[in-house]
Amino acid sequence: MMEFDVIFGNAARAAFGPEAVILALAAIGLNVHFGYTGLLNFGQVGFMLLGAYGTSVSVATFGWSLWVGIPVGLALSAVLALALGIPTLRLQAVLFAIATIAAAEILRLIIGSTDAIELTGGPLSISFDASAFYDLNPYAEGPQVRYGAGTFAFTGQQLWVITVGWTLVALAGLAVFLIVRSPWGRVLKSIREDENAARSLGKNVFAYRMQALVIGGVIAGLAGVVDAIKTSGADPNGFRPQVTFFTYTALLLGGSATCTGPVLGAILFWFLREWIESFLRQLAAEAWLPQPISDSLSGSEGVISVGVVGLALIMLVLFRPQGIVGNRTEMLIDDG
Amino acid sequence: MWRLMRRGTALLGFVLCVVFACVGPAAAQSDDGTKADKDADQDRADQDHNTAGDSDSTAQTTLEGTIRLGFDRYIAGVEITVTDQAGAEIGRTATGAEGRWSIAVPDAGTYLVTLDEETLPDDLGLREGQETTVETTVFAGMARAVVFAVGETPKATPFGERFAQRAFTGLKLGLIIAMSAVGLSLIYGTTGLVNFAHGELVTFGAVIAWYFNTSWGGLNLVVAAALGLVVCGALGAGLESGLFRPLQRRRLGVFQLVVITIGLSLLGRQAIQLFFGAEPRPYIDYQVQDRWEFGPWAVTPREVATVATTAVVLAVMATTLQLSRFGKATRAVADNTDLARVAGIDVNRVALIVWTIGAMLAGLGGIFMGLDADIDPYLGFQLLLLIFAGVELGGLGTAYGAVVGSVLIGFATEISTLWISPELKLVVPLAVLILVLLLRPQGLFGVRERVG
């Protein structure tokens with residue numbers, strides 16, 4: 001018997017859970033880079049990595065307070081933006097993309113290596129005491145306490161994380177909304193449309209791009225901080241390049257260069273992904289699936305749903321590049 | 001043009017058969033268990049395994065671990081001692097037949113775990129930077145895995161010999177990268193597409209050959225590889241004529257095309273994983289071979305076959321590009337597509353052939369990768385950034401540059417392990433990639449264009 005209410009509950013929980021918060025923040029940051037400035041940043045996961053590890057290492061290894069660790073994580077993301085941007089922002093789009101993906105991989109390899117074990121936990125991952133955050137939890141907790149209905153339910157702790165998380169998403173979204181409708185934001189868009197025109201009007205293209213890279217990077221760093229707090233730690237395997245690709249999918253799904261697009265996209269991304277996984281698990285339970293497909297469902301990362309993400313990415317670019325709420329004319333960037 | 005293509009393919013297949021046939025008979029004896037480069041790649045997997053897999057004892061608070069080299073050598077009889085922070089001994093044990101050890105501790109807390117290096121076999125030692133004593137914290141009722149990174153003792157062989165050995169491995173890696181890189185570079189040159197799904201073509205070749213070699217009748221690997229190449233070529237031709245040519249007609253921007261290839265890469269990798277499974281798996285043939293000794297080099301026949309075949313294939317490619325009509329047409333299209341079209345060159349046909357050959361070369365690269373390190377669905381994606389590094393170092397769009405750049409990247413990657421830990425060797429090509437982008441974006445052999 002297929003239980004569609006369970007499937008829907010699972011999907012809704014994923015759509016509003018901490019993963020969607022993290023993806024939404026990363027997509028808001030990417031929207032500043034790609035949507036408004038036209039920067040082909042393929043290393044978004046690197047900023048998230050530094051946000052997460054900056055926080056985790058500060059607390060776990062150096063024994064600082066969590067309230068110091070969070071700014072450290074954000075500051076490291078900003079430093080990465082500067083270090084990456086100063087030399088590479090002058091490259092053409094595809095080369096910038098390759099440089100950023102390589103930089104993010106370098107960080108992941110080094111942080112996850114045995115040589116870094118004493119600082120970052122290396123391949124063993126790192127965990128820290130996030131009670132400074134969970135002590136503020138106003139929701140009741142207990143083994144039986146759930147908020148919600150059916151499978152769409154959260155524990156008190158989870159509800160606290162997502163309450164704070166969605167507040168941060170709203171604040172970040174609002175901040176981006178305000179800065180891109182300022183004169184500064186208009187310059188940004190003009191750079192995306194035609195950087196030479198912007199330059200000929202006396203705008204310092206490099207400086208504007210750099211500022212956009214830092215702002216978007218810090219917002220992605222915030223996504224990493226939420227990730228670290230959610231799991232009370234960080235694991236290098238959680239920061240593979242496909243995280244960046246998922247972020248692009250969410251952004252394109254919602255609508256690039258719009259205010260609500262990245263948030264809508266992140267919610268839909270997780271809703272659809274979990275819906276597919278949950279649906280397939282039910283089919284497998286009914287023994288309606290061939291063996292290799294039901295075997296693949298046991299892995300931590302859904303093999304089929306990630307494949308569907310790839311397919312969705314192709315379809316979006318081909319048939320609806322503006323996403324759900326976007327404006328098609330804003331998506332016609334092409335700067336070779 | 002087509003006839004020439006066919007001749008080229010036949011030659012390629014022939015070379016492959018001959019080289020394997022020469023080397024094959026020397027196979028099938030005992031392995032000495034020192035597949036150093038394979039081990040290096042597996043370090044990460046080992047350590048993941050140590051944390052995830054070994055924690056079945058839940059009730060007691062324990063420290064535990066597995067002492068091993070790679071996946072195939074578990075080391076028994078290694079003495080492990082646990083002391084508390086004051087220095088009092090809590091427990092002492094020796095690893096069992098499967099290299100495992102486990103010591104129960106009375107309480108949650110921080111303990112010092114010491115490995116007695118004297119009890120390791122003579123050819124092994126702790127890796128550079130790995131202390132014999134590790135401080136670790138365990139929570140109540142949990143099992144905490146403690147990792148000791150064991151490697152072959154480097155002191156036993158002199159530096160020159162290690163350098164020579166690494167250089168050979170680097171040459172092999174570089175040639176494999178080069179084969180995949182030529183395809184990527186030619187596709188970029190003729191169609192302007194940066195193919196992020198090129199890594200999946202590499203994996204695809206390895207997996208298809210694996211399928212013919214193991215599941216489907218157990219064909220000899222040489223035959224399986226030849227069949228795999230045909231399938232790869234068909235896939236490449238299908239992608240160009242079925243997907244990318246129609247897309248090019250729609251005048252999509254760079255970003256759109258790149259994102260489509262990324263989508264293809266995710267889709268392809270997951271499809272491969274569904275079909276192949278996530279576990280790394282080897283071919284049946286040529287796995288266990290005695291090493292041949294040439295001066296400072298100790299190499300397996302399969303490594304010699306890899307280097308010889310890739311070198312010949314690349315030479316054939318270079319000759320074809322330089323001398324044949326197809327080669328001239330390809331270079332003309334890469335130089336200026338519109339001029340080439342005006343001159344009467346069928347640009348679509350050139351693109352189709354380039355895609356076919358590019359996919360075959362990538363697949364062949366994957367087959368050789370799988371020969372030395374087991375095949376897994378991420379094989380190609382891991383290689384992709386190395387391919388980018390090789391192509392970028394040589395100069396984007398130049399086929400010869402891609403070969404030179406890739407071989408240099410291969411050398412740099414492997415030789416770096418003389419000084420840095422093998423699990424960090426992939427950082428080297430990426431760092432080179434970024435440095436080249438900063439200092440010389442047109443690469444070693446590219447022509448400087450307007451940048452930024």
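Select B:Gly65 and look across to strand S6 of chain B: B:Gly65 stands opposite B:Trp101 there. This is a predicted model, in which local features need pLDDT of at least 70 and side-chain atom pairs count only at pLDDT 80 or more, while totals for chains, interfaces and linings use all residues. Residues are numbered from 1 along each chain as its sequence is written, and chains are lettered from A and ligands numbered from 1 in the order in which they are written.

**Stop 1: strand S1 of chain B**

Extend the selection to residues 62-66 of chain B, which make up strand S1. Helices (H or I, at least four residues) and strands (E, at least two) are DSSP runs, numbered from the N terminus. Five of the five residues of S1(B) are buried, so the strand is largely enclosed by the rest of the structure. A residue is buried if 20 or more other C-beta atoms lie within 10 Å of its own, exposed if 12 or fewer, and partly exposed in between, with C-beta atoms placed from the backbone. Colour the two faces separately: B:Thr62, B:Glu64 and B:Thr66 are on one side, B:Leu63 and B:Gly65 on the other, and all are buried. In a regular strand the side chains alternate between the two faces of the sheet.

Next, add the partners of S1(B). Strand S6 (residues 100-104) of chain B pairs with S1(B) in the antiparallel sense over five bridges. Strand S10 (residues 143-145) of chain B runs parallel to S1(B), joined by three bridges. Two strands pair if DSSP finds at least two bridges between them. Which residues stand across from B:Leu63? In S6(B) the residue opposite B:Leu63 is B:Ile103, and in S10(B) its bridge partner is B:Arg144.

Show the three strands together. They form an open sheet in the order S6-S1-S10 (chain B), with mixed pairing. S6 and S10 of chain B are the edge strands, each pairing on one side only. Neighbouring strands here are turned by 20° against each other on average, direction ignored. Axes are lines fitted to C-alpha atoms, for helices over the stretch in contact, and angles run from 0 to 180 degrees between N-to-C directions.

**Stop 2: the four-stranded sheet of chain B**

Now select S5, S4, S7 and S9 of chain B, which in that order form an open sheet with antiparallel pairing. Strand S5 (89-94) and strand S9 (133-138) stand at the edges with a single partner strand each, so one side of each is left without a neighbour in the sheet. The average turn between neighbouring strands of this sheet is 25°, direction ignored. Inside it, strand S4 (residues 79-84) of chain B and strand S7 (residues 109-115) of chain B are joined by five antiparallel bridges. To find this pairing, centre on B:Asp84, which stands opposite B:Tyr111 in S7(B).

**Stop 3: B:Glu117**

Follow the chain to B:Glu117, in the loop between S7 and strand S8 (124-126) of chain B. Is B:Glu117 buried or partly exposed? B:Glu117 is partly exposed, because 16 other C-beta atoms lie within 10 Å. Leaving aside neighbours within four places in sequence, B:Glu117 is in contact with B:Gly125, B:Leu126 and B:Thr132. Two residues are in contact if their C-beta atoms, placed from the backbone, lie within 7 Å. For a sense of scale, draw the C-alpha to C-alpha distance from B:Glu117 to B:Val342: the two are 72 Å apart in space and 225 residues apart in sequence.

**Stop 4: a helix pair**

Select helix H3 (residues 159-191) and helix H12 (residues 399-415) of chain B, which pack at an angle of about 145° with their axes 6 Å apart. The residues of this contact divide into 18 nonpolar, seven polar and two charged. Ala, Val, Leu, Ile, Met, Phe, Trp, Tyr, Cys and Pro count as nonpolar, Asp, Glu, Lys and Arg as charged, and the others, Gly among them, as polar.

**Stop 5: between the chains**

Show both chains. In chain A, 44 residues are in contact with 42 residues of chain B. On the chain A side, helix H5 (93-111) is one of the elements giving two or more residues, and H5(A) gives the largest share, 12 residues. By class, this side has 30 nonpolar, 10 polar and four charged residues.

**Stop 6: the cores**

Finish at A:Leu23 and A:Leu25, which touch the most other members of the largest nonpolar core, a set of 210 residues. A nonpolar core is a set of buried Ala, Val, Leu, Ile, Met, Phe, Trp, Tyr and Cys residues joined through C-beta atoms within 7 Å. Helix H10 (residues 347-372) of chain B gives the most to this core, with 15 residues. Apart from this core lies another, of 19 residues, including A:Leu124, B:Val78, B:Leu120 and B:Val150.
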